[in-house]
Amino acid sequence: MVAGLDEEWRREHLPAWRERHEYVQRASARLRELRGQDVTRLAVPKLLELAALEEELGGSEQAIGVYKRVLNSAPEHVAANYELGRLLLRRFDEEQDLPI
């Protein structure tokens, strides 16, 4: 019975697990590539990509730093302001031990 359930689980879930694994591998490679570049010379779109990958794979603290870098050069950038605010609010909620 257990073997049958294991096989059923594999059939239903393994494709999604594989797809996610492949995505994470590609995203990790891209993150390493962006981290290897001089961030002071990256254009805003690449910085936003870096920030999103940092948040997803590295952590929100790294992403906060990248969004701040974007806002130093483009203080009115709507997406960077939104994402930075979202991450700072989440950090505040976590520090206050409040549910998000």
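The questions and replies below look at how some terms apply to this predicted model.

Me: What should I know about the numbering and the atoms before starting?
Reply: Residues are numbered from 1 along each chain as its sequence is written, and side-chain values use heavy atoms, with hydrogens and water left out. Because the model is predicted, local features need pLDDT of at least 70 and side-chain atom pairs count only at pLDDT 80 or more, whereas totals for chains, interfaces and linings use all residues.

Me: How do you know that the span of helix α4 agrees with its number of residues?
Reply: Helices are DSSP runs of H or I with at least four residues, numbered from the N terminus, and the expected span is 1.5 Å times one less than the number of residues. For the 18 residues of α4 (residues 78-95) this gives 26 Å, and the end C-alpha atoms are 26 Å apart, so the two agree.

Me: Why is W17 called exposed or buried?
Reply: Buried means under 20% relative accessible area, exposed over 50% and partly exposed in between, with a 1.4 Å probe and protein chains only. W17 has 57% relative accessibility and therefore counts as exposed, while W9, at 41%, counts as partly exposed.

Me: What makes the pair of W9 and W17 tilted?
Reply: Rings of Phe, Tyr and Trp (its six-membered ring) pair if their centres lie within 6.5 Å, and planes under 30 degrees apart count as stacked, over 60 as edge-to-face and the rest as tilted. The count comes to one aromatic pair; the ring centres of W9 and W17 are 6.2 Å apart and their planes are at 50 degrees, so this pair is tilted.

Note on methods
Helices (H or I, at least four residues) and strands (E, at least two) are DSSP runs, numbered from the N terminus.
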